[in-house]
Amino acid sequence: MYQEERISKILQWLQKEDVLSNQDIMRRLNISRDTARRDIIKIVESGKAVRTHGGIAGTDILTNVGNYQMRKTDNVEGKRRIGKEAAKHLKADSICFFDTSTHMPYVCSELGRVQVYTHSLDNLELLAAASSAEVHSLGGKLHRENRFFYGTDTVNKIRNMNFDIALLGAASVKEDGIYYVDEEDALMKSLAADRSDRVIVMADYPKFQRKANYRGLSFDQIDMLITDQEMDDKWKETLKKEYVEWIIV
């Protein structure tokens, strides 16, 4: 297959999937790493995509992660697998913190007998249908765009809790930790992690390619990371160094 044909296929996939890893391109086109690298360089030089750590992305994906309602429709199958896996780690009668992650609909569909504390308006609506779960709202001021509660009252409630487990999402995964779009939300996730015996981060593969401004978690605050695609060796080394377990679903 000529390079022009390979590039055409890669660009078609990017229109549907936003992000492709080097391994994705090598496997789908049955080409070597060097050939994939040359194809990626050609695409990037044309201005039709941008390089990411370990892959390639559409030109608009790195600048806008979208609000909650927009993010729900992104990589739905990956979110479903991750959410269902995360639910398996919730022990009966445990006290849990659920954040604003778009993986939560799939967690909530699998819930057993647990106590859930959350600052997410969408989680409260989902949990209202989970009859086996005891639900607690952390309240506060409503952030209308991203549908979570925040403020002094919310922070104080989290500070006075001790959770058995915290399930947290990610807007962006970087070499030094997990980042979020909203400063207030990042603060609450950090507090919840500090007040939890076990912290699980749910991050589908596009989150490894995106940007967000506020670091909420360093890797030493995390016990487990669940994602939906194989990670590059660099990420695995980072997680091993920080004693973070990972699961790929």
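**Talking through a predicted model**

Modeller: Before you start asking, here is the charge picture for this predicted model: the protein has 37 positive and 39 negative side chains, and the centres of the two sets lie 3 Å apart.

Colleague: Thanks! Which residues count as positive and which as negative here?

Modeller: Lys and Arg are the positive ones, Asp and Glu the negative ones, and His is not counted.

Colleague: And what does the secondary structure of the protein come to?

Modeller: Ten helices and 15 strands.

Colleague: Why is the protein called as compact as a globular protein of that length?

Modeller: The globule rule gives 18 Å for 249 residues, and the radius of gyration of the protein is 19 Å, close to that value, so the description fits. For the overall extent, the C-alpha trace spans about 60 × 35 × 30 Å along its principal axes.

Colleague: How many of the residues are buried?

Modeller: Buried residues are 55% of the 249 in the protein. As for the surface, about 12,000 Å² is accessible, and 45% of that belongs to carbon and sulfur atoms.

Colleague: What share of the contacts between residues at least 6 apart in sequence joins residues at least 24 apart?

Modeller: That share is 59%.

Colleague: Let's turn to the cysteines. How do you know that Cys 96 is in no disulfide?

Modeller: A disulfide needs two cysteine sulfur atoms within 2.5 Å. The nearest cysteine sulfur to that of Cys 96 belongs to Cys 108 and is 10 Å away, so the pair fails the cut-off of 2.5 Å. Seen from Cys 108, the nearest sulfur is that of Cys 96, again at 10 Å, and Cys 108 is in no disulfide either. The count for the protein is zero disulfides.

Colleague: What makes Cys 96 buried?

Modeller: Buried means under 20% relative accessible area, and Cys 96 has 0%, so Cys 96 is buried. Cys 108 has a relative accessible area of 8%, so Cys 108 is buried as well.

Colleague: And Val 135: buried, exposed or partly exposed?

Modeller: Its relative accessible area is 33%. Buried would need under 20% and exposed over 50%, so Val 135 is partly exposed.

Colleague: Where is Val 135 found, and which residues is Val 135 in contact with, leaving aside neighbours within four places in sequence?

Modeller: Val 135 sits in strand S6, residues 134-137, and is in contact with Val 116, Leu 124 and Leu 127. Ser 190, 55 residues from Val 135 along the chain, has its C-alpha atom 21 Å from that of Val 135.

Terms used
Residues numbered from 1 in each chain as written. Predicted model: local features only at pLDDT ≥ 70, side-chain atom pairs only at ≥ 80, totals over all residues. Heavy atoms only, no water. Helix = DSSP H or I, 4+ residues; strand = E, 2+ residues; numbered from the N terminus. Rg over C-alpha atoms; globule rule 2.2 N^0.38 Å. Buried < 20%, exposed > 50% of the residue type's maximum accessible area, 1.4 Å probe, protein only. Contact = heavy atoms within 4.5 Å. Areas by Shrake-Rupley, 256 points an atom, 1.4 Å probe, with all protein chains shown as cover. Charge placed at Lys NZ, Arg CZ, Asp CG, Glu CD.
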